Amino acid sequence: MRVPVLVEHAPSPSAPASVARRPPPPSAAGPRIAAVRCALPPHRYAQHELTGPIGDLCLSPGADRALLHRVHASAGVRTRHLALPIERYARLGDFGRSNGAWLETGLELGEEALSGALREAGLTPADVDLLVFASITGVSAPSLDARLAGRMGLRPDVKRLPLFGLGCVAGAAGLARVHDHLRGHPEDTAVLLTVELCSLTLQRGDASRANLVAGALFGDGAAALVARGGNTDGVNTDDGGSGSGSGTVASASGPRVVATRSHLYPGTEGLLGWEIGAAGFRVVIDAGVPDIVRGHLGRHLRAFLAEHELTVDDIGIWICHPGGPRILSAVSETLGLSEDALDRSRRSLAAVGNMSSVSVLHILEDVRVRRAPETGTWGLLLAMGPGFCSELVLLRW
């Protein structure tokens, strides 16, 4: 296949690269991640248990299943969680029913993840000032976050920002937009909620390679991240502020968000995303994505780190979206990473599959649950998605 040629835009003469986008002064305290919590559906399957049923959904009777078996065996996935029992997918019928299942299950998982994250942070729903919600596997108006607001007791004046179209990059991009808000509102508490029920987008009767890859790779789940502005560390919220008076906040042990960077790659819009039709969301996954990663991610990532006087070797924690084995290999190669640098991403992929925007938060939760990084450790959270685009989030513990 032909990989699109990228045309990079030169910096403006008025803003040379040597002085543009300077990092904030060291004294400026960035937002801190106070909690991360994932919620997974109860329907858990080993990969080999799904190969046959997914073949029945996608392939015609008697069709050759050699490609299906190769894709499932090479996906790097051992187990996955599905929104519904596997036998129910054949009865969904149309996009309306699939989307209805997305809304019903998404509300349950979203509430579980959000309530768990707030509890971990020592906060209540009424303490939330901004709720950013991301999903690319279903749609509703009112959006899912609006429905959760009343269901969970968020304040009527809570700011909401529902996002659609970012796909796998939304976990990183959503955290970056939370960072932007909290830099300007350092006394606020913000939540990022992602809900992705990828299995409900599987196209029945579609034997395309992209649909078979999606059927082998993607899993379902939700995640919520609580972040607090730089002026809130150790603050007791019963002082009559905008919060509910929930009491003492849990100790600030999570990393700070130091800086973020977004990047669009011109001419690559057709590489990744959806074709939307009567049957719903038909996945587009172009084989050229790893080549784009190899050719361009390293240069932009190193330039971003250099603005903070860092190099790839200074990053102690890598939180990379597990797009699949080929994507992880491309990231590792272009950055020259050690063999074990992306082990967290590979473990997440093996345990729950690619959960789109939820995945980087699932990996970040794993970092928090295991032995905490030493104080001063640098981390980089990164993801890629439709556009084609990348998002980088620099963290420090």
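**Entry 1: salt bridges.** I looked up the salt bridges in this predicted model and found that the structure holds 17 of them. As general background, I note that side chains of opposite charge can pair when their charged atoms come close.

**Entry 2: Arg-155.** I began with the salt bridge between Arg-155 and Asp-129, in which the closest N and O atoms lie 2.9 Å apart. This pair links distant parts of the chain, with the two positions 26 residues apart in numbering. I located Arg-155 in the loop between helix H4 (144–152) and strand E5 (159–163). Asp-129 sits in the loop between helix H3 (95–121) and strand E4 (130–134). Both partners are buried. For Arg-155 I noted a relative accessibility of 15%; the residue counts as buried because this value is under 20%. I then found that Arg-155 also forms a salt bridge with Asp-157, at 2.8 Å from N to O.

**Entry 3: Arg-160 and Asp-145.** I turned next to the salt bridge in which the side chains of Arg-160 and Asp-145 meet, with an N to O distance of 2.7 Å. Here too the pair links distant parts of the chain: Arg-160 belongs to strand E5 and Asp-145 to helix H4, 15 residues apart. I checked the burial of each partner. Arg-160 has 40% relative accessibility and therefore counts as partly exposed, whereas Asp-145 is buried, with a relative accessible area of 0%.

**Entry 4: a network.** I also recorded a network of salt bridges that links Arg-37, Glu-120 and Arg-368.

**Entry 5: Ser-348.** I looked up Ser-348 and placed it in helix H9, which spans residues 343–352. Its relative accessible area is 3%, so I list Ser-348 as buried. Leaving aside residues up to four places away in sequence, I found that Ser-348 touches Pro-322, Gly-353, Ser-359, His-362 and Ile-363.

**Entry 6: the chain as a whole.** I closed with the totals. The chain contains 10 helices and 13 strands. Of its 397 residues, 56% are buried. The exposed surface of the chain comes to about 16,600 Å², and carbon and sulfur atoms supply 53% of that area. I also looked up the contacts with a separation of 6 or more; residues 24 or more positions apart account for 81% of them.

Definitions and conventions:
Residues numbered from 1 in each chain as written. Predicted model: local features only at pLDDT ≥ 70, side-chain atom pairs only at ≥ 80, totals over all residues. Heavy atoms only, no water. Helix = DSSP H or I, 4+ residues; strand = E, 2+ residues; numbered from the N terminus. Buried < 20%, exposed > 50% of the residue type's maximum accessible area, 1.4 Å probe, protein only. Contact = heavy atoms within 4.5 Å. Areas by Shrake-Rupley, 256 points an atom, 1.4 Å probe, with all protein chains shown as cover. Salt bridge = Lys/Arg side-chain N within 4 Å of Asp/Glu carboxyl O.
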